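Trainee: I would like to learn how to read a structure that I have not met before. Could we go through it together, one feature at a time?

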Amino acid sequence: QLQLVESGGGLVQPGESLRLSCAASGATLSWYAIGWFRQAPGKEREGVSCISSSDGSRRYANSVKGRFTISMDSARRTIYLQMNNLKPEDTAVYYCAVDPRVNSVQRGCPPHTEYDYWGQGTQVIVSS
């Protein structure tokens, strides 16, 4: 079984930055896709970004492109989401998740229904 733990959320002002971390432990997978999702109150879960463990391909939602960067430290088994120039509309609970059946995201991120493993989420609030 794979466990995921997010951290790094908090309260920031518009224009500031945060770096979220997703630490994996437990089962070791041959290849997989890791996704970051977010869910704001009263809204559906939204895919933010994803990365492939095998070829390093990355994808971003249009709403965060140019502001967010996803990266992976395989040795530490940790995935990061660097979030710059945060906006109030970025306020949400952010989750990381793993899809163990995908070896590339060049054609796009898997839908959230394809991810088998989820973290508990970390809250991000962007407010002045």
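**Disulfides, salt bridges and a pocket**

Mentor: Let us begin with a bond between Cys-22 and Cys-96, where the torsion about the S-S bond is about 70°, so the disulfide is right-handed. Please keep in mind that we are looking at a predicted model.

Trainee: What is a disulfide in general, and how many disulfides does the structure hold?

Mentor: In general, a disulfide is a covalent bond between the sulfur atoms of two cysteines. The structure holds 2 disulfides, and in one of them the sulfur atoms of Cys-22 and Cys-96 are 2.0 Å apart. That pair links distant parts of the chain, since Cys-22 belongs to strand β3 (residues 18-26) and Cys-96 to strand β9, 74 residues apart.

Trainee: Are Cys-22 and Cys-96 buried or exposed?

Mentor: Cys-22 has a relative accessible area of 0% and is therefore buried, and Cys-96, at 0% relative accessibility, counts as buried too.

Trainee: Which cysteine is joined to Cys-50, and is the link left-handed or right-handed?

Mentor: Cys-50 is joined by a disulfide to Cys-109, with an S to S distance of 1.9 Å, and with -90° about the S-S bond this link is left-handed. Cys-50 lies in strand β5 (residues 46-52), while Cys-109 lies in the loop between β9 and β10 (117-118), so the pair ties together parts that are 59 residues apart in sequence. Here the two ends have their own settings: Cys-50 is buried, with a relative accessible area of 0%, whereas Cys-109 is partly exposed, with a relative accessible area of 34%. If you number the bonded cysteines of the chain in sequence order, the pairing reads 1-3, 2-4.

Trainee: Let us turn to charged side chains. How many salt bridges are there, and which residues are linked in a network?

Mentor: To read this feature, look for a side-chain nitrogen of Lys or Arg within 4 Å of a carboxyl oxygen of Asp or Glu. By this rule the count comes to 6 salt bridges, and a network of them links Arg-38, Glu-46, Arg-67 and Asp-90. Within that network, Arg-38 forms a salt bridge with Asp-90, their closest N and O atoms being 2.8 Å apart. This pair links distant parts of the chain, with Arg-38 in strand β4 (residues 33-39) and Asp-90 in the loop between β8 (78-83) and β9 (92-99), 52 residues apart. Both Arg-38 and Asp-90 are buried.

Trainee: What does Arg-38 do with Glu-46?

Mentor: The side chains of Arg-38 and Glu-46 also meet in a salt bridge, at 2.8 Å from N to O. Arg-38 has a relative accessibility of 6% and so counts as buried, while Glu-46, with a relative accessible area of 30%, is partly exposed. As another case, Asp-73 and Arg-76 meet in a salt bridge at 3.3 Å, N to O; Asp-73 counts as partly exposed at 22% relative accessibility, and Arg-76 as exposed at 62%.

Trainee: Finally, how is empty space found, and what volume has the largest pocket?

Mentor: Rolling a probe the size of a water molecule over the atoms shows where empty space is left. The largest pocket has a volume of about 190 Å³ and is lined by 13 residues, of which Ala-24, Leu-29, Tyr-32, Ser-74 and Arg-77 lie nearest its centre. Strands β1 (2-7), β7 (68-73) and β8 each supply at least two residues of this lining, which by class has 8 nonpolar, 3 polar and 2 charged residues.

Definitions and conventions:
Residues are numbered from 1 along each chain as its sequence is written. This is a predicted model: local features need pLDDT of at least 70, side-chain atom pairs count only at pLDDT 80 or more; totals for chains, interfaces and linings use all residues. Side-chain values use heavy atoms; hydrogens and water are left out. Buried means under 20% relative accessible area, exposed over 50%, partly exposed in between (1.4 Å probe, protein chains only). Helices (H or I, at least four residues) and strands (E, at least two) are DSSP runs, numbered from the N terminus. A disulfide is a pair of cysteine sulfur atoms within 2.5 Å. On a 1 Å grid over the protein atoms alone, a cavity is a set of points where a 1.4 Å probe fits but cannot get out, and a pocket is an open set with protein on both sides within 12 Å along at least five of seven lines; lining residues have an atom within 4 Å of a point. Grid points are joined across faces, edges and corners, and a volume is the space filled by probe spheres set on the points. Ala, Val, Leu, Ile, Met, Phe, Trp, Tyr, Cys and Pro count as nonpolar, Asp, Glu, Lys and Arg as charged, and the others, Gly among them, as polar.
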